[in-house]
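Work through the exercises below with the sequence and the coordinates at hand, and try each task before reading its solution.

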Amino acid sequence: MADFETPTLKPYPVIPAIEIGSMAHSQPFVAKEDHQQKLGFPGELVDDWENVAVKKLGELVDKSRALRVFLDSCVKCGACTDKCHYYLGTSDPKNMPVARQDLLRSVYRRYYTLAGKYFPSLVGARDMDKSVLDEWYSYFHQCSQCRRCSVYCPYGIDTAEVSMAAREIMDTVGVGQKYCNEIIGKAQTIGNNLGLPEPALADTLEGLEEDIEEETGVVVRMPLDEEGADILLVTPSADFFAEPHVDGLIGYAKVFHQAGLSWTLSSYASEAANFGMFIGSYDNMQKLALRIREAALELGVKRIVFGECGHAWRVAYNFLNTLAGPFDFLDPDYPVPQHICEVTYDLLQRGALKMDPSANDDMVVTFHDSCNIARGSRMGDFEGGQLVIPRAVIKASCNHFVDMPADAIGEGTFCCGGGGGLLTDDLVELRVKGALPRMEALHEVTEHHGVTHLAAICAICKSQFSKILPYYGFEMDQVVSIHQLVSNAIQLDGQQAQ
Ligand code: SF4
Ligand code: SF4
């Protein structure tokens, strides 16, 4: 049983009174020596680590003008203080975005500003010491890098970037986070976060093909490593077996099948997620991105499509070309990766898919915008497409859709509570408490509009909700994949009546 109390759902959002230090105890497991070393980091806290950390911070602010501006420009206006789900759910003032930034800013000021060097106490500058490192380890692992705070900051200060920098410094001195670093190591050596080898993957896909045939009477293929296919689908590895992710994968396959598109998965690049971003490590992010390039070249594909994963889409949309480009070998009509929702939306717009939304009449659906998609990327060729397109796909697939309150969706969407490399059981208290604002918004539409299901577009969100919903009195199977709804509604040629 959990040794913490699940927050109480309130009918409207309440900004909590502060409880100093209430989450100071929350720290994820530290990475083991081999997890660190595989990623090129020291296996344990290095000698002279204080100087190593300060030097690394200097390198990071020299390399990133944005980071330096973020650290220099906060005016303490307070606009961000009540915008973080972790503050709203935990009441710990160090989970206010400005306070989180100050954990790093105070050290930056001490060593890299004139005032901090000569009058540290006047400008809130601090020496880098063990108590600072401990605070960093705790509170920079209480930021899901969701960027909600940056939407409300008049200067656009992005706490996610500050948090990534702090995690990179901690890795550099030998204190990394076990969950992220172990996963990155697996994806870099085996090809996916779960460590699923090729035979297991092939078996799983074969089983899914049989399931679809049994359900529909139609042979829908799930090709793996098929040279000469037009499309390489890169999807989060959770799609291969976990509920409700796998139902989404079935949906992608049905869409490709019905549209007559030739596609394949790759066992070498069998992971869309890129946890290198969460630890702020360009090198590790690049190693993972290069696997996608290598697989695309090896298989000779013309297009790359990403499955339902929030941060993977952010990396694909914003950084893939820089990390692993140029992708000049792809079809000039599709020179950049597409999201599976863009593919389905496009086909729907062209009338290329037959849908029977009544197949989902047992559900009243709402939609959780994933942070990295809503605030960190784009879909389609129009402004706000990343908010419109997933909803259009859902509405084409079901008759009953209700959005949650306006301040809890779209650009202002609340994190699921498990993003940014925090989806680990050693942080379950944080995950439960951080989910509070999303659960309150869900509760509102459940109570007033009869919503029964929460559709999600991100593997992390889906896993987080499956775990967290029961803490708030919901059922774990109330979360569904967008392409699960598509899968239920799509009418395949030759499909037997249900
Ligand atoms: S990025 Fe998200 S999790 Fe991090 S401080 Fe801002 S609102 Fe909180
Ligand atoms: S909103 Fe921006 S400027 Fe204002 S306190 Fe927060 S980070 Fe600083």
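The exercises that follow concern a predicted model, and they treat its ligand shells and then its strands.

**Exercise 1.** Determine which residues come nearest to ligand 1, and which elements give two or more residues to its shell.

*Solution.* Begin with the 16 residues around ligand 1, of which Cys84, Pro97, Cys143, Cys146 and Cys149 come nearest. Next, assign the shell to elements: helix H5 (97-112), helix H8 (148-152) and helix H9 (159-173) each give two or more residues, and H9 supplies the largest share, with 3 residues. Finally, sort the shell by class, which yields 8 nonpolar, 4 polar and 4 charged residues.

**Exercise 2.** List the surroundings of ligand 2 and divide them by class.

*Solution.* The residues that surround ligand 2 are Cys74, Val75, Lys76, Cys77, Gly78, Ala79, Cys80, Pro97, Val98, Cys153, Tyr155 and Ile157. Divided by class, this shell holds 10 nonpolar residues, 1 polar and 1 charged.

**Exercise 3.** Establish how strand E3 is paired with E1 and with E4, and decide whether the residues on its two faces are buried or exposed.

*Solution.* Start with strand E1 (residues 231-234), which runs parallel to E3 and is joined to it by 4 bridges, Val234 having Phe306 as its bridge partner in E3. Turn then to strand E4 (residues 338-339), which pairs with E3 in the parallel sense over 2 bridges, with Gln338 as the bridge partner of Val305. Between E3 and E4 the chain passes through helix H14 (residues 310-324), in a β-α-β crossover that is right-handed. As a last step, inspect the faces of E3 (residues 303-306): Arg303 and Val305 on one side, and Ile304 and Phe306 on the other, are all buried, and both faces are thus covered.

Definitions and conventions:
Residues are numbered from 1 along each chain as its sequence is written. Chains are lettered from A and ligands numbered from 1 in the order in which they are written. This is a predicted model: local features need pLDDT of at least 70, side-chain atom pairs count only at pLDDT 80 or more; totals for chains, interfaces and linings use all residues. A residue is near a molecule or strand if its C-beta atom, placed from the backbone, lies within 6 Å of it. Ala, Val, Leu, Ile, Met, Phe, Trp, Tyr, Cys and Pro count as nonpolar, Asp, Glu, Lys and Arg as charged, and the others, Gly among them, as polar. A residue is buried if 20 or more other C-beta atoms lie within 10 Å of its own, exposed if 12 or fewer, and partly exposed in between; C-beta atoms are placed from the backbone. Two strands pair if DSSP finds at least two bridges between them. A crossover is right-handed if, with the strands pointing away from the viewer, the path from the first strand over the helix to the second runs clockwise.
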